[in-house]
Structure formats: C-alpha cells, structure tokens
Amino acid sequence: TIVPRSCYTTSLQINRLTKSSITNCIRSKMEALSSQFQTAVTSAAASIESSYIRPLKRESHVCSIKCYDEVAAEPAKKRAGGFLGFGGGGGGEIDRAEAAAAENDARRIHSCLEGCMRKSMMADQTMQQEFTQLQNRAQRASQGCHDEAMAGMTPQMQSDQGKMDALQNKYEACVSKAIKGQIAGLGPVRERVGALVTEISGSK
C-alpha cells in the first residue's frame, strides 16, 4: 500500500475519525496514483509530440521562411510599380507607392505565415483536446470512487477500525482500477491523435 495505515493506529485517532480525516487519508493515496497517471500522460504526450507534432511544426517553420524569401525575391521597384498611377508620377508619388508596397508586403507575409502555421495549430489543438478529455475522465472516475466511499460511511463505522480499513481498501481499489483504466486508454488516445494529425498534415 502506498499510503501508511497510520491514520487508524490509535484509539484516540479512531475516536476522532471524521469524514474530513478519512478524506485526508485517502487523498494521499489519490495523489500517489495521480502522480503515476501524470507520468504516463507525460510520456504519451512526448511520444506523440516526437512522432507527429514535431515534424508538422518543422514543415510550418520551413514554410514560414519561404514567406519572407518570396517577398524578398521580388525587386522593390517592381513591387512599388504596381502602386504608381498610370503613366508614372513625381518623387512624392514614388514615395507613396513604395510605402504602399511595403504595407502590402507586410500583409502578404502575415497572411502567408498564418497559412503556414494553420496545420501546426490545428494539430496542437487536437492533441490538447484529447488530453483534456482524458484528464476529465480520470477526475470523474476518481470522484466517483470518493463519492461511493463517503456514501458508505456511517457514524458507527467511525469507531470500528476494521470497517474503516475495509472502506479505505475499497476506495483505494476503486481509484487504482480507475486510474489504471485511464492509463490503458493512452494507447487509443495516441492512435486517434496520430490519425487526426496525419489527416491534418495531408489537408490543403
């Protein structure tokens, strides 16, 4: 057992045992199981990041560099020429044309960058949604175990160490089963995220 059974070691502690004290005891066990769960989640997230997210982010950054290169490849005078009035104009008009061209360049680059990062952002959101849902499922399962344990406690049980131990064991078994079930669900989560990111990567 991860949690020491010191919660019930003396008659004084037993006499003072309340819903609050048993909650504190089983919270320690929950925290240990939660740590095990978070370690598994971190490992799964790192695997997904390495296999699916990181290659897509690399593509996004390569694409972003091209946004600047494409604009820089065009001669400045040619870009400004598109903003000159028909038949050309004086120096003031040229200055205004160059300013308009620079503003247009900034818009083009910004639009291009947004397009490059779109897939990467979609992949990040997909991964975040899956892991948020996983966390929520784990929390609901653990809370269900807690509620069941609290519902089963009576005033008479508070002075019976054997019954309190049995109640704690039941709760711990319930939480352990719930958390292990969520850890087992990390495999399908990885498959879903991988399939969705692959689909996003192949989209236009």
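Select Cys 145 and Cys 174 to begin, and display their side chains: in this predicted model the two residues form a disulfide, with their sulfur atoms 1.9 Å apart. If you look along the bond between the two sulfurs, the torsion about it is about -75°, so this disulfide is left-handed. Now colour the helices on either side of the link, because Cys 145 lies in helix H4 while Cys 174 lies in helix H5, which covers residues 161-184, so that the pair ties together parts that are 29 residues apart in sequence. Switching on a surface brings out the setting of each partner: Cys 145 counts as buried, at 3% relative accessibility, whereas Cys 174 is partly exposed, with a relative accessible area of 25%.

Keep helix H4 in view and select Cys 112 next, together with Cys 67, since a disulfide joins these two residues, again with an S to S distance of 1.9 Å. The torsion about the S-S bond of Cys 67 and Cys 112 is about -75°, and the disulfide is therefore left-handed. Here the helix at the other end is H2, because Cys 67 lies in helix H2 and Cys 112 in helix H4, so the pair ties together parts that are 45 residues apart in sequence. With the surface still shown, which of the two classes, buried or partly exposed, fits Cys 67, and which fits Cys 112? Cys 67 counts as buried, at 2% relative accessibility, which is under the 20% limit for that class, while Cys 112, at 25%, counts as partly exposed.

For the next stop, select Cys 63 and Cys 116, which form a disulfide whose sulfur atoms are 1.9 Å apart. This link is left-handed, with -65° about the S-S bond. Follow the backbone away from each cysteine and you will find that Cys 63 lies in helix H2, running over residues 19-73, and Cys 116 in helix H4, running over residues 91-151, so the pair ties together parts that are 53 residues apart in sequence. On the surface, Cys 63 counts as partly exposed at 29% relative accessibility, whereas Cys 116 is buried, with a relative accessible area of 5%.

To finish, show every cysteine pair at once and ask how many disulfides the model holds. The count comes to 3, and the stops on this tour were Cys 145 with Cys 174, Cys 67 with Cys 112, and Cys 63 with Cys 116.

Technical notes
Residues are numbered from 1 along each chain as its sequence is written. This is a predicted model: local features need pLDDT of at least 70, side-chain atom pairs count only at pLDDT 80 or more; totals for chains, interfaces and linings use all residues. Side-chain values use heavy atoms; hydrogens and water are left out. A disulfide is a pair of cysteine sulfur atoms within 2.5 Å. Helices (H or I, at least four residues) and strands (E, at least two) are DSSP runs, numbered from the N terminus. Buried means under 20% relative accessible area, exposed over 50%, partly exposed in between (1.4 Å probe, protein chains only).
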